[in-house]
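Trainee: Could you take me through one part of this model in close detail? I'd like to start with any enclosed space inside it and work outwards from there.

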Amino acid sequence: MRKIDVSPSLLAADFLHLEKEIAHCEKAHVGYLHFDVMDGHFVPNISFGLPVLKSLARRHSLINDVHIMISDPLTYGPQFAKAGADIVTFHYEALKNDAERWDVIHAIKKAGAKVGMSVKPQTEANVLIDFLPQLDLVLIMSVEPGFGGQSFMPSSLPKIVFIRDIIDRHGYPTLIEVDGGIQEDTAKLCVRAGVDILVAGSYLFGHDDFNERVTALRLG
Ligand code: DX5
Ligand code: ZN
């Protein structure tokens, strides 16, 4: 039975009370903390960057799951690793060709972090196949990246099933994460399709029943 974990997205947190919000995550016994880094170029939004990660990364007990929605992951991916990211997940679409994608994978690993690759909703999952043996994580976007609070895109489900099948057939240790519009019902669909980690922002933050919501996601 696969262990389902949750990665709360800080993008939806109350930035005036980040310490308290992170404490909520620890008390809910999630395994990860999801940092959505946006550069206003790869996605039409700007969130936060290296200084925020540096100040938070080593002051809690969760795995720093850093999702970089940026145009230059080769330059900045390793810097996020050095700033405290345990996993740095970059976007397939941010690079022009596979050689560049391999460069980013090697650079992030060399900087001491695990590496993930993410695909947007319009990108086919089969582009990931050759990278899987070297990826610690695959992030299937179930919304167009750039904003929290969007609706789940069911077209992400067959992509999860496809990747799950390859990972299981080859026995890769790669984790599958899904991100965007995750709440109780969509979590169930994603767990059934084969995910390991559920990212959730607006479903978790800003609600008094944080722990119960985490449990509801896990029961998927
Ligand atoms: C979107 C981000 C997601 C988003 C999740 O670009 O990658 O992590 O913040 O937020 P919800 O769970 O509200 O869709
Ligand atoms: Zn994200």
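Mentor: Sure. This is a predicted model, and counting cavities of 30 Å³ or more gives 1. About 220 Å³ of space lies in that largest cavity. Its lining takes in 25 residues, and the closest to its centre are D36, F147, G148, D179 and G180. Among the elements that each supply at least two lining residues are β2, β3 (63–69) and β8 (197–200).

Two of those central names come up again at the metal. D36 and D179 each give an OD donor to the zinc ion (ligand 2), alongside NE2 of H34 and ND1 of H67, with the protein donors lying 2.1 to 2.3 Å from the ion. The site has 6 donor atoms in all, and with angles of 71 to 172 degrees among them it comes out octahedral. Along the chain, the donors follow the spacing H-x1-D-x30-H-x111-D. As for the first pair in that pattern, H34 counts as buried because its relative accessibility is 0%, and D36 counts as buried too, at 6%; the cut-off for buried is under 20%.

G180, another of the residues closest to the cavity centre, leads us to F152. You'll find F152 in the loop between β6 (137–141) and α5 (156–170). F152 has a relative accessible area of 13%, so it is buried. Leaving aside neighbours within four places in sequence, F152 is in contact with S142, L157, G180, G181, I182, T186, L189 and C190. Take T186 from that list: F152 and T186 sit 34 residues apart in sequence, yet their C-alpha atoms are 7.1 Å apart in space.

Now back to β2, which helps line the cavity. β2 (32–38) is also part of what covers the buried residues of α1, and so are β1 (5–8), α2 (50–56) and α7 (210–218). Which residues of α1 are buried? In this helix (residues 18–27), they are L18, E21, I22 and C25. They cover an arc of only 95 degrees around the axis, and that puts them on the same side of α1. An α-helix has 3.6 residues a turn, so residues three or four places apart point the same way. On the face of α1 turned away from the buried side you get the exposed residues E19, K20 and K27. Just after α1 comes H29, with a positive phi of about 55 degrees.

Notes
Residues numbered from 1 in each chain as written. Chains lettered and ligands numbered in written order. Predicted model: local features only at pLDDT ≥ 70, side-chain atom pairs only at ≥ 80, totals over all residues. Heavy atoms only, no water. Buried < 20%, exposed > 50% of the residue type's maximum accessible area, 1.4 Å probe, protein only. Helix = DSSP H or I, 4+ residues; strand = E, 2+ residues; numbered from the N terminus. Arc of directions from axis to C-beta. Contact = heavy atoms within 4.5 Å. Donors = N, O, S within 2.8 Å, 3.2 Å for Na, K, Ca; no water. Tetrahedral: all angles 85-135°; square planar, octahedral: opposite > 155°, others 65-115°. 1 Å grid on protein atoms, 1.4 Å probe; cavity = no way out; pocket = protein on both sides within 12 Å on 5 of 7 lines; lining within 4 Å. Points joined across faces, edges and corners; volume = space filled by probe spheres on them.
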